[in-house]
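Trainee: I have a structure open and would like to talk it through with you. Could we start with the contacts and then move on to other topics?

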Amino acid sequence: MEDPVKHQKRLENMLRIRRFEEQVVRLSKAGGFPGHYHVYIGQEATAVTVCEQLEPHDMIFTTWRNHGHLLARGASPGRMLAEILGRATGLCRGKSGTLHLADKEIGMPATSAMVGGALPIATGAALGLKHRRSPGIVVAFFGDAALDEGAFYEAVNLAGLWKVPILYVCENNSIPPQKRRRGQFPSSSLNAAQLIDVPRALQIPSEVVDGADVDALCGCFRKLIAEVRTSASARFVEVRCTRWPGNVPLWPELPGGEWNLEWAFGAKPEPQDLAAWAEKSDPLLNYLRGLLEAGTLDRDIAFAVDARVRNEIADAVHFAESSPWPDPAEATRGTFAAERRT
Ligand SMILES: Cc1ncc(C[n+]2csc(CCOP(=O)(O)OP(=O)(O)O)c2C)c(N)n1
Ligand SMILES: [Mg+2]
């Protein structure tokens, strides 16, 4: 059995993402920032279990649904929130907002909000690591709709031909057609029986894993990331997530309010679709219930971890809200490569 401290840390890392994003929803509704945004609630276990396997020299590329990936990799919650609010202290000095959050200090130099847009960049970065004989690898996170894009096929095909060290993590949160509401993105539509048939046809070893099962995710990523490192070649994984009922593009909701730790101790959330999701499909609740049953954690520890995370996120909100706006002159600074001087 793994060390209880390791389990607590993993739980804390997942909770940090959830509590952070609840504040993002609250801030958006309070008019704290303009424009739409996306949250990672219900997919936290994927980012956390991938990042546990990474080394400092590894790189990550991601999408508009990026908050969880950055937090799991160790980005500062305060500087992320400041960026989402457009403040000068933000990770990208207030220029990127939620859709393009990036932090090169932790190996996350760029985020693409184009469906499939990060895949050629990530694959090129993996080629760069190979040429530099770096021990690093690349992880590319993307949604299932990326498989509808030509960029996906080019990138994955080249990764196979060039033999570059990259793990493609496809987070499949597609809504079944019968459950889609008006205005929701359909996500993917593919003429293949399952997503992994596509990378397999390009000779990329590919697996499917349940995104609500933390133990399965840990086992899967431990194995695949070790394979990417030792073989210096590509792997593909489809993580199947049941979409959280609040995941409404482009304006997420918090049905049932903030996530409640009591749901792990028998309390039932409302409405009904949230209760059904919390019962089987929430990776956080599944993990927590498993730890409680195994005696790895008790109620007091679980509440103490949550309190610690809530305080950390409250500090992050305070930091972001009290941060200054960027100087107007900042708008054109750093947007183009410096002029060449003769
Ligand atoms: C090339 C392109 N087409 C359309 C959009 C608009 N768009 C933003 S998110 C999205 C759905 C993406 O679904 P998926 O890749 O499964 O990711 P998810 O949001 O479900 O995590 C679409 C169509 C876009 N950003 N880029
Ligand atoms: Mg999707």
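Trainee: What share of the contacts with a separation of 6 or more comes from residues 24 or more positions apart?
Mentor: In this predicted model, such residues account for 74% of those contacts in the protein chain. Contact here means heavy atoms within 4.5 Å.

Trainee: What should I know about how the values were obtained?
Mentor: Because the model is predicted, local features need pLDDT of at least 70 and side-chain atom pairs count only at pLDDT 80 or more, while totals for chains, interfaces and linings use all residues. Residues are numbered from 1 along each chain as its sequence is written, chains are lettered from A and ligands numbered from 1 in the order in which they are written, and side-chain values use heavy atoms, with hydrogens and water left out.

Trainee: How many helices and strands are there?
Mentor: The protein chain has eleven helices and five strands. Helices (H or I, at least four residues) and strands (E, at least two) are DSSP runs, numbered from the N terminus.

Trainee: And how compact is the chain?
Mentor: Its radius of gyration is 20 Å, close to the 20 Å that the globule rule gives for 342 residues, so the chain is as compact as a globular protein of that length. The radius is taken over C-alpha atoms, and the rule is 2.2 Å times the number of residues to the power 0.38.

Trainee: What percentage of the residues is buried?
Mentor: Buried residues make up 53% of the 342. Buried means under 20% relative accessible area, exposed over 50%, and partly exposed in between (1.4 Å probe, protein chains only).

Trainee: New topic: which residues coordinate the magnesium ion?
Mentor: Asp144 (OD) and Asn173 (OD1) coordinate the ion, ligand 2, at 2.0 to 2.2 Å. The two are 29 residues apart: aspartate 144 is in the loop between strand E2 (138–143) and helix H6 (150–162), and asparagine 173 in the loop between strand E3 (166–172) and helix H7 (197–201). Donors are N, O and S atoms within 2.8 Å of the metal (3.2 Å for Na, K and Ca); water is not among the atoms, so sites may look incomplete.

Trainee: Is aspartate 144 buried or exposed?
Mentor: Aspartate 144 is buried, at 1% relative accessible area. Asparagine 173 is buried too, at 5%.

Trainee: Where is the cis bond that involves leucine 250?
Mentor: That cis peptide bond joins proline 249 and leucine 250, with omega about -5°. Leucine 250 belongs to the loop between strand E5 (235–240) and helix H9 (272–280).
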